[in-house]
2 protein chains.
Amino acid sequence: MTNLTIIGNGTMARGIATRALAGGHTIEILGQDATKARKLATELGTGVTFGTTDDAPQGDIVVLAVPFDAAKSVVSAYGEALAGKTIVDITNPVNFDTFDSLVVEPGNSAAEEIAQLTPAGSNVVKAFNTTFAGTLVAGESGGQPLDVFIAGDNAGANAAVSNLVSGGGMRPLVVGPLKRARELEGFQFVLMTMQANPEFADFNWDTGLLVTK
Amino acid sequence: MTNLTIIGNGTMARGIATRALAGGHTIEILGQDATKARKLATELGTGVTFGTTDDAPQGDIVVLAVPFDAAKSVVSAYGEALAGKTIVDITNPVNFDTFDSLVVEPGNSAAEEIAQLTPAGSNVVKAFNTTFAGTLVAGESGGQPLDVFIAGDNAGANAAVSNLVSGGGMRPLVVGPLKRARELEGFQFVLMTMQANPEFADFNWDTGLLVTK
């Protein structure tokens, strides 16, 4: 049984798949390009299936491991095929032209915009937007397990994503309702500007964000 | 020479003063209540002077270690007495009635609202809003030096606050212009809701926020 569908075949798809496999999940990779999806599935190992976004997703959890605009397109195209699913939005809607704001309005979030496009009975959960791909592959940052900030309106869906996170050796932190994605996206935008800033010579799209104690 | 004025005599004043003293700074504590200011100054040790907010601040850097509403009042009351100063805003403008939003509008920040009240020639810098008081006193969290996120529009003022931070054994991270305070305040709001949430039994207004590598 496939219980996790990952849409996308880039570095974030690879990172999340790596952690999910570590947690014993069964995965399918669906890409726009079947060749690329097959390549990633093959590299991930035995049992990972693949297909294209013309195929209906089989997983109970569907991770949108694609940029914001693509995520909206995928969700719109799937429509009712996503009914009943837990849909994980990992996007950071940064305005890459200016690198000075998000493309969503203040008081809104990519997660909420995506949720507007999903069918009744599905639940969008924000997660993995503060975990860079390389840290997901490694499963740690700075020698510590990754913190994964989770926001969503449905307790069952939040729990399913938390289980995915903890199964992969990371710490799930369910911070609140889906609208908290506003703050999660806002802060990661700041962290992304730091990676791009030569004054932070040590930060190269490879840092983690940890709540210490 | 007094080079740091701290307005306030609560736990954040104590925390920031502790780190500044570790860095060799000369400090005055100004409170609404002279008795409380004297008590904190005495506890901090020899050489820390005190006074009330009726006294003009002597420091080149003035830290507003008070809540958001009080910070606005202090800045308004001081007026031209703050000309030429670097003014450090540490506030988190959380709506404590609902604990579900900030009291500033989306697309604005406490730091920017405070800056609107300051005289020409002064520079507001956002800092220390993600460092809980106890971690400042300890100088670390989770066995690691504290990260202090800094946002401001004036490079010299940002550098002065960075020096204060690094002198106290912490890591300054200058994230960008003052408007980045929006994202810093937004994220700390989320972290504060987690401290208040019994599901996070380990988080008791004592966590740190670290960029790992």
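# Strand pairing and contact between chains A and B

Colleague: In this predicted model, which residue of β11(B) is the bridge partner of A:V211?

Modeller: The model is a predicted one, and in it β11(A) is joined by 5 bridges to strand β11 of chain B, residues 208-212, with the two strands running antiparallel. Within that pairing across the chains, the residue of β11(B) that serves as bridge partner to A:V211 is B:L209.

Colleague: How many residues does the contact take from chain A and from chain B, and which residues of chain A lose the most area to chain B?

Modeller: The size of an interface is often given as the accessible area lost when the parts come together. Between chain A and chain B the buried area is about 3000 Å², with carbon and sulfur atoms giving 64% of it. The contact draws 34 residues from chain A and 34 residues from chain B, and on the chain A side, the residues that lose the most area, together 22% of what that side buries, are A:F187, A:T212 and A:K213.

Colleague: Across the interface of chain A and chain B, how many residue pairs are in polar contact, and which element gives the most to the side of chain A that touches chain B?

Modeller: The rule finds 13 residue pairs in polar contact across this interface, both residues being at pLDDT 80 or more. The elements giving two or more residues to the chain A side are β10 (171-176), α7 (181-196) and β11 (208-212) of chain A. Of the residues on that side, 16 are nonpolar, 10 polar and 8 charged, and with 9 residues the element that gives the most is α7(A).

Colleague: With which residue does A:R180 form a salt bridge?

Modeller: Side chains of opposite charge can pair when their charged atoms come close. Across the interface of chain A and chain B the rule finds 6 salt bridges. In one of the salt bridges, the closest N and O atoms are 3.1 Å apart, and there the partner of A:R180 is B:D100.

Colleague: Which strands are the edge strands of the open sheet of 8 strands in chain A?

Modeller: The sheet follows the order β3-β2-β1-β4-β5-β6-β9-β10 (chain A) with mixed pairing. Strand β9 of chain A, residues 147-152, runs parallel to β10(A) and is joined to it by 5 bridges, with A:F149 standing opposite A:L173. Pairing on one side only is what marks the edge strands of chain A, which are β3 (49-52) and β10.

Colleague: At about what angle to β10(A) does helix α7 of chain B run?

Modeller: This helix, residues 181-196 of chain B, lies across strands of the other chain, namely β9 and β10 of chain A. Relative to β10(A), helix α7 of chain B runs at about 100°.

Colleague: In chain B, which residue of β3(B) stands opposite B:E28?

Modeller: Chain B has an open sheet of 8 strands with mixed pairing, in which β3 (49-52) is one of the edge strands. Strand β2 of chain B, residues 27-31, pairs with β3(B) in the parallel sense over 4 bridges. In β3(B), the residue opposite B:E28 is B:T49.

Colleague: How many residues apart in sequence are the parts that the pair A:R14 and A:E43 ties together?

Modeller: Over all chains the structure holds 24 salt bridges, including the one between A:R14 and A:E43, whose closest N and O atoms are 2.7 Å apart. Because A:R14 lies in helix α1 (residues 11-22) and A:E43 in helix α2 (residues 34-44) of chain A, the pair ties together parts whose separation in sequence is 29 residues.

Methods
Residues numbered from 1 in each chain as written. Chains lettered and ligands numbered in written order. Predicted model: local features only at pLDDT ≥ 70, side-chain atom pairs only at ≥ 80, totals over all residues. Heavy atoms only, no water. Contact = heavy atoms within 4.5 Å. Buried area = accessible area lost by both parts, 1.4 Å probe. Salt bridge = Lys/Arg side-chain N within 4 Å of Asp/Glu carboxyl O. Polar contact = N/O pair within 3.5 Å; in protein donor to acceptor, adjacent residues only side chain to side chain. Nonpolar A, V, L, I, M, F, W, Y, C, P; charged D, E, K, R; others polar. Pairing = 2+ DSSP bridges. Axes fitted to C-alpha atoms, helices over the stretch in contact; angles between N-to-C directions.
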